[in-house]
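Please look through the sequence and the structure shown here before reading the report.

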Amino acid sequence: MQPSPHAIELPRWFVETFLDFREDVREARAQGKRLLVYFGQDGCPYCKLLMQTTFTETRVVDLVQRWSVPIALNLWGDREVTWVGGRRMTEKQLGVSSGAYRNEPSFQRFVQSRADRLCASGQAVDLWK
């Protein structure tokens, strides 16, 4: 598979995983951090700007790395992900089901609380669906 000619380079401090969110959440918790899922797409000018400006600022990078485990997903990608309830789907299906497709770039953060919830666009979505 050829890389997209419009691919956006991600910072090296983003984490590569097997995209099993059950495992990723456990590992983030073990580090005292939260999982931060970034949805972007190749050719998105806002995604590119985010990566080239905001994510090159030392203060922002330090804050994200201190409190989060960042994982990047392609909003239109076909890699398989396993959601926290065990449901398998593609990146693009997760983007649709989580509402991330409405805006990009989009971030979703797993909040450590008694009832784990995923906060996206000001809405709490039940993780265990």
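The sections below take up backbone features, a pair of strands and the salt bridges of this predicted model.

## Two backbone features

The peptide bond that runs from Glu104 to Pro105 is cis, its omega angle being near 0°. As for its surroundings, Pro105 belongs to the loop between helix H4, which covers residues 91–98, and strand E5, which covers residues 106–111.

A second feature concerns Leu19, whose phi angle is near 60°, a positive value in a residue other than glycine. Leu19 is found in the segment before helix H1, which spans residues 21–30. With a relative accessibility of 5%, Leu19 counts as buried, because the cut-off for that class is under 20%.

## Strands E1 and E2

Strand E1, made up of residues 34–40, is mostly covered, since six of its seven residues are buried. Strand E1 pairs with strand E2, which holds residues 68–74, and the two run in the parallel sense, joined over seven bridges. To find one of these contacts in the model, one can start from Leu35, whose bridge partner in E2 is Val69.

## Salt bridges

How many salt bridges does the structure hold? There are three salt bridges in the structure, and each can be described by its two side chains and by how far these are exposed.

In one of them, the side chains of Arg22 and Asp20 meet with an N to O distance of 2.9 Å. Arg22 is partly exposed, with a relative accessible area of 30%, whereas Asp20, with a value of 17%, is buried.

## Links between the E2–E3 loop and helix H4

Another salt bridge brings together the side chains of Asp78 and Lys92, again with 2.9 Å from N to O. This pair links distant parts of the chain, for Asp78 lies in the loop between E2 and strand E3 (80–82) while Lys92 lies in helix H4, and the two residues are 14 residues apart. Asp78 counts as exposed at 54% relative accessibility, and Lys92 counts as partly exposed at 30%.

Arg79 also forms a salt bridge, in this case with Glu91, and the closest N and O atoms of the pair are 2.8 Å apart. Because Arg79 lies in the loop between E2 and E3 and Glu91 lies in helix H4, the pair ties together parts that are 12 residues apart in sequence. Is Glu91 buried or exposed? Glu91 is buried, with a relative accessible area of 2%, while its partner Arg79 counts as partly exposed at 36% relative accessibility.

Note on methods: Residues numbered from 1 in each chain as written. Predicted model: local features only at pLDDT ≥ 70, side-chain atom pairs only at ≥ 80, totals over all residues. Heavy atoms only, no water. Helix = DSSP H or I, 4+ residues; strand = E, 2+ residues; numbered from the N terminus. Buried < 20%, exposed > 50% of the residue type's maximum accessible area, 1.4 Å probe, protein only. Pairing = 2+ DSSP bridges. Salt bridge = Lys/Arg side-chain N within 4 Å of Asp/Glu carboxyl O.
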